[in-house]
Protein chains: 2
Amino acid sequence: MYVHTKLVLSLTQIDLLFWIYLSVMKKKITIKDIAKVANVSIGTVDRVIHKRGKVSEKALQKVNAALEELNYKANPLARSLKNNVIYTIAILIPDPEKDPYWLPCRKGIEEVILEYEAFDVDISVHFFDPSKPKSFVQKGMELIAKNPNAFLFVPLFERESDRLLQALSKKDIVKATFNSLPRNHVDQHVGQDLYLSGRVGAKLIYDFVQPASKIAVIHIDEAFNNAIHMQQKEEGFKSFFKEMAPGHHIHTKIVDTQHIQKTLSVFIRENQINMFFVTTSKTYEVARTLESLDMEGTIVGYDLLPENLSYLKKGGIQFLIHQAPGLQASLSLKSLVEKLLFDKESSKKQLLPIEIINSENVESYP
Amino acid sequence: MYVHTKLVLSLTQIDLLFWIYLSVMKKKITIKDIAKVANVSIGTVDRVIHKRGKVSEKALQKVNAALEELNYKANPLARSLKNNVIYTIAILIPDPEKDPYWLPCRKGIEEVILEYEAFDVDISVHFFDPSKPKSFVQKGMELIAKNPNAFLFVPLFERESDRLLQALSKKDIVKATFNSLPRNHVDQHVGQDLYLSGRVGAKLIYDFVQPASKIAVIHIDEAFNNAIHMQQKEEGFKSFFKEMAPGHHIHTKIVDTQHIQKTLSVFIRENQINMFFVTTSKTYEVARTLESLDMEGTIVGYDLLPENLSYLKKGGIQFLIHQAPGLQASLSLKSLVEKLLFDKESSKKQLLPIEIINSENVESYP
DNA sequence: TAAAAAAATGTGTACGTACACACTAAATTA
DNA sequence: TAATTTAGTGTGTACGTACACATTTTTTTA
């Protein structure tokens, strides 16, 4: 009612009829319609929308009224078409050849590239050696030097990431990360709550715990893997047990892939461990060791690597927590593209659900 | 190399230079570029692309060559802009007021509607009473009579769905479903593998099974809920136990919400059941009954209803299987919109992963 | 060989937005 | 009051595609 009254007062009879026509017919409101209703030219409407001044107070009010009454939304297609620039996105991730964990990640990215092939974006993927922080910085700097519109990367190393972020900040390049969250500010992030993921692992193990159970958190390759990652998971894990079974001691062991079998065997036998929370995708190493020792045990670990899946199906691993690297990559890339192309805003920080995988539901994952 | 040779033979010197320029510069190939390289007008290129004939053999070959060499991809934005029709999508889902299971579904749809507000689509949501097949058919027929471009619905009732699908087939309306899969053909479907989901439930329970355990599958409200749904889950559940513990007898019980507490109490006491696989979102009813009987037990059920979550956190329910109705709805609607707007093709049948929820990872779900 | 018919090709316009430029009206100055 | 500045407004064009229509070229027929 209010709406009508206001219009009757501010618009002529004919404009009112046109307004009713627009509201009744299923038709998208264009800048032209606004111009007609406000009885000005589209140029004036355009100046109002973009706040470029040179508009009389009277016209401004009429246009703003029409804009609001008709709930005008600019057509993103026409806007993007007119815009006519090709956005470049540079992506830097660990080399999947060096660590197969990143394979689904590359695959996810390639799918998105194909999906937006026909649009005005130029996406390129680059790799660094996950065991060499230097290669990360070097590649990163190279890419930044080319001034892409956005830079998406996995901040595996804290200090080195800071350097890249600093370089990026000077250049007005959109900063986006996934998998790990760097200390410094980024414009967009997709990841998982690692602390919570540790608690999930704890709960899964806790369900099987007996008074005599011996529990250990195993970190593999802490040296050149993401140390903070593992720490946060461990903290989450321990916090759960502190709440639910305060008396239960949790062992912690850091091992190297080098002599992993030997080191682990000794550790397991010495401490009589029969329940394991493995904080990395190399969970299969623990299962393999247990197998070689001909021992039974409960193992909860991370990620759907082929080796892990094999043990999951055989029963050597009870549960895997899925970090969905592929989904993380494709989601972050997609939001980046849509931000640039249609300036669609999505939440800065997106935390993906922590997915529990057992021998059965694994079949439902692609 | 081959590519070059072919071009040298088929194009003039100047065209070749232009081709090199196009390849080197980061620039999207337009119909105009093709016309220039093939040395014809854009009209001719257009006729070739749309196979509208009236093109000489020579021109056709030149254009096709250029199209392929330059890997032309039509700009979906310009195409959609030119197209200039408003697509209508009618959605029919069970009334969330009648069954709260459908609340996230409505929410998911509303989010997508907002997301595409500025685009040329007109999406409307309508509800039917999940306990009244007639209301489903009636509402459905009404919507179909309005000739939307696409019709997305939850085929809760088999026979009634067939009727709607028949009506749809006559009218060239895109048919899409989610949650349940109807017997007859649809153009698009998003759902879950229910048989597998039954197996997942089985595995979760199996991990806790003792020789003395008594296991039951509980169906609640089979009468007006989706009977096939429940059957498939039960089959999956039993198939797992047949494989892993052939001797173990699985009880089955169908109960009505009416006198559920009483019926269940009797059933549980008579059969000494202590492990439950509940095939519907009313899992909390079993937990409540067990609570009132002051008994302990293992319960695995479905869906993140507030009542279920409360028992999950208290420990009355061990695991919930998440059918993600909201995600199913938004995913199917999104693909529908993108299909109409940009004729982007996505796979006809999309099966979502079966997600296992416990008291911890539930926090990571929105 | 000219005229007519048919085939092939090119041109112009629209979609909705954005922006440069041209123009008109009002305000200021001489 | 005329000349000039300035505020306000309108017009035209481009983005890339699609399609109607106009134009040119080739083929057929008289």
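# A guided tour of two protein chains and two DNA strands

Of the 24 residues around DNA strand C in this predicted model, select the ones that come nearest: H50(A), Y72(A), R79(A), S41(B) and K82(B). The set draws on both chains, as the chain letters show. Now colour the atoms of DNA strand C that lie within 4 Å of the protein: 64% belong to sugar or phosphate, and the rest belong to bases.

**Phosphate contacts on strand C**

Display I31(A) with its backbone atoms; a polar backbone atom of this residue is 2.7 Å from a phosphate oxygen of DNA strand C. At H50(A), one of the nearest residues, a polar side-chain atom lies 2.7 Å from a phosphate oxygen of the strand. Moving to chain B, select S56(B), where a polar backbone atom is 2.8 Å from a phosphate oxygen of DNA strand C. To see the secondary structure behind this surface, show helix 3 (31–38) and helix 6 of chain A, then helix 4 (42–49) and helix 6 of chain B; these elements each give two or more residues to the surface near DNA strand C. Coloured by class, the surface residues divide into eight nonpolar, eight polar and eight charged.

**DNA strand D**

Turn next to DNA strand D, which 24 residues surround. The closest are S41(A), K82(A), H50(B), Y72(B) and R79(B). Of the strand D atoms that come within 4 Å of the protein, sugar and phosphate account for 67%.

Three contacts merit individual selection:

- R79(B), with a polar side-chain atom 2.3 Å from a phosphate oxygen of DNA strand D.
- S56(A), with a polar backbone atom 2.8 Å from a phosphate oxygen of DNA strand D.
- N84(A), with a side-chain N or O atom 3.4 Å from a phosphate oxygen of DNA strand D.

For the elements at this surface, show helix 4 (42–49) and helix 6 (76–83) of chain A together with helix 3 (31–38) and helix 6 (76–83) of chain B; each supplies at least two residues. The residues near DNA strand D comprise eight nonpolar, eight polar and eight charged.

**Between the protein chains**

Hide the DNA and select the interface of the two chains, where 43 residues of chain B are in contact with 43 residues of chain A. The buried area is about 4000 Å², and carbon and sulfur atoms give 62% of it. Highlight K28(B), L77(B) and E360(B): they supply 17% of the area that chain B buries against chain A, more than any other three residues.

Which side chains should be shown for a salt bridge between the chains? Select E115(A) and K344(B), which meet at 2.8 Å, N to O. Across this interface there are six salt bridges and 14 residue pairs in polar contact. On chain B, helix 6, strand 2 (121–128), helix 10 (194–206) and strand 12 (355–357) each give two or more residues to the side that touches chain A. That side of chain B holds 21 nonpolar, seven polar and 15 charged residues.

**Within chain A**

Finally, colour chain A by its assigned domains: domain 1 (2–74), domain 2 (82–190 + 326–350) and domain 3 (194–322). The C-alpha centres of domain 2 and domain 3 of chain A are 31 Å apart. Nine residues of domain 2 are in contact with seven residues of domain 3 in this chain. Together these two domains of chain A bury about 710 Å², 56% of which comes from carbon and sulfur atoms. How many salt bridges cross this interface of domain 2 and domain 3 of chain A? The number is zero, while one residue pair is in polar contact. The domain 2 side that touches domain 3 of chain A has five nonpolar, three polar and one charged residues.

Methods
Residues are numbered from 1 along each chain as its sequence is written. Chains are lettered from A and ligands numbered from 1 in the order in which they are written. This is a predicted model: local features need pLDDT of at least 70, side-chain atom pairs count only at pLDDT 80 or more; totals for chains, interfaces and linings use all residues. Side-chain values use heavy atoms; hydrogens and water are left out. Domain bounds come from an automatic or database domain assignment. Contact means heavy atoms within 4.5 Å. Buried area is the accessible area (1.4 Å probe) that two parts lose on being put together, summed over both. A salt bridge is a side-chain nitrogen of Lys or Arg within 4 Å of a carboxyl oxygen of Asp or Glu. A polar contact is a pair of N or O atoms within 3.5 Å; within protein, one must be able to donate a hydrogen and the other to accept it, and residues adjacent in sequence count only if both atoms are side-chain atoms. Ala, Val, Leu, Ile, Met, Phe, Trp, Tyr, Cys and Pro count as nonpolar, Asp, Glu, Lys and Arg as charged, and the others, Gly among them, as polar. A residue is near a molecule or strand if one of its heavy atoms lies within 4 Å of it. Helices (H or I, at least four residues) and strands (E, at least two) are DSSP runs, numbered from the N terminus.
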